[in-house]
Amino acid sequence: MDNEIFGYGFKNASLLEEALTTPSYRMEHPKAHDNQRLEFLGDAVLGLLAADYLYQKHSDRGEGDLTIARTRMVSSEALCKAASSNNLLSRLRLNAKVEPPPQGSKMYADAIEAIIGAAWLDGGIPAAKTVFDALKLEEGGVQENPKGDLQIKAQAMVPPRRPVYELVSVSGKAHEPTFTVKVSIDGVGETVASASSRKAAEVLAAKQLLSLCS
């Protein structure tokens, strides 16, 4: 088995093998150890590495912005994108009796985290950072999500808060309605936006309120 992955050469090959062993493989080979325990460890290590990277890179950003960037950077979507661009599927140990999961499957994100956890055990923080750097995770590598970002930023405040959405009015013709929505955060302020659907109005209002939280 090739002991190198994402630029790091494992001294303990069994750690890498375990990191690449999916739960579906263990169903076919009960004595194998799947990567779920390593994924648990790697999730925490990945969060630390992403936080350190963003802290060093963005000295002008506050906690709320850094929290949003880290959440995007370590999201399943971002990890799956990294797995695809690095052809991780070819290295995974899968159940031969089932079709490989689709590209966006959380299995790929779990495997990335497991590899980072395995690298941490094999060579400490330098090894884990080698893997992290090789992945080239993107801060903006996921779809813009103003409501989600606003929720994260509000929860990072002291004390933690939450956005409150309120439907102000519905106007216009029945087949062309206009929804007006207000969103507010205690101690921050409120914004109002209108759109052709309630969901779209909430997104616009959240995007506006995000600028007040900066």
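## A tour from the largest core to the three-stranded sheet

Begin by selecting Leu88 and Ile116, since of the 39 residues in the largest nonpolar core these two touch the most other members. The model on the screen is a predicted one. To see what surrounds this core, colour α1 (13–19), α3 (36–57), α4 (63–73), α5 (76–85) and α6 (106–135), the elements that give two or more residues to it. Among these, α6 gives the most, with 15 residues.

Stay with Leu88 and display its contacts: leaving aside neighbours within four places in sequence, Leu88 is in contact with Ile5, Phe6, Leu20, Ala83, Tyr108, Ala111, Ile112 and Ile115. Before following one of those partners, note that another core lies apart from the largest one, with 13 residues that include Leu150, Val183, Ile185 and Leu210.

Now select Phe6, one of the contacts of Leu88, and find it in the loop between β1 (4–5) and β2 (8–9). What is the sign of phi at Phe6? The value is positive, near 50°, in a residue other than glycine. Is Phe6 buried or exposed? With a relative accessibility of 10%, Phe6 counts as buried, because the cut-off for that class is under 20%.

Move next to Val45, which is found in helix α3 and which, at 5% relative accessibility, counts as buried. Not counting residues up to four places away in sequence, Val45 touches Ile116, Trp120 and Ala128, and Ile116 is one of the two residues with which the tour opened. From Val45, draw a distance to Glu176: the two C-alpha atoms are 50 Å apart in space, while the residues are 131 apart in sequence.

On the way to the sheet, two loop residues deserve a stop. Lys136 has its place in the loop between α6 and α7, and its phi is positive, about 55°, although Lys136 is not a glycine. Here the relative accessible area is 66%, so that Lys136 is exposed, the cut-off for that class being over 50%. The second stop is Pro159, in the loop between α7 (146–155) and β3, where a cis peptide bond joins Val158 and Pro159 with omega at about -5°.

Then select the open sheet of three strands, whose order is β3-β4-β5 and whose pairing is antiparallel. Which strands stand at the edges? They are β3 (164–173) and β5 (189–195), and each has a single partner strand, so one side of each is left without a neighbour in the sheet. On average, and with direction ignored, neighbouring strands of this sheet are turned by 15° against each other.

Looking at the pairs in turn, β3 and β4 run antiparallel and are joined by nine bridges, and the two strands form a hairpin with two residues between them. Strand β4 (residues 176–185) also pairs with β5, again in the antiparallel sense, over seven bridges. A convenient residue for viewing both pairings is Thr180 in β4, which has Ser169 standing opposite and which itself stands opposite Ser194 in β5.

For the last selection, add helix α8 (residues 198–212), which packs on the sheet and touches β3, β4 and β5. The direction of helix α8 makes about 145° with that of β5.

Technical notes
Residues are numbered from 1 along each chain as its sequence is written. This is a predicted model: local features need pLDDT of at least 70, side-chain atom pairs count only at pLDDT 80 or more; totals for chains, interfaces and linings use all residues. Side-chain values use heavy atoms; hydrogens and water are left out. Two strands pair if DSSP finds at least two bridges between them. Helices (H or I, at least four residues) and strands (E, at least two) are DSSP runs, numbered from the N terminus. Axes are lines fitted to C-alpha atoms, for helices over the stretch in contact, and angles run from 0 to 180 degrees between N-to-C directions. Contact means heavy atoms within 4.5 Å. A nonpolar core is a set of buried Ala, Val, Leu, Ile, Met, Phe, Trp, Tyr and Cys residues joined through side-chain atoms within 4.5 Å. Buried means under 20% relative accessible area, exposed over 50%, partly exposed in between (1.4 Å probe, protein chains only).
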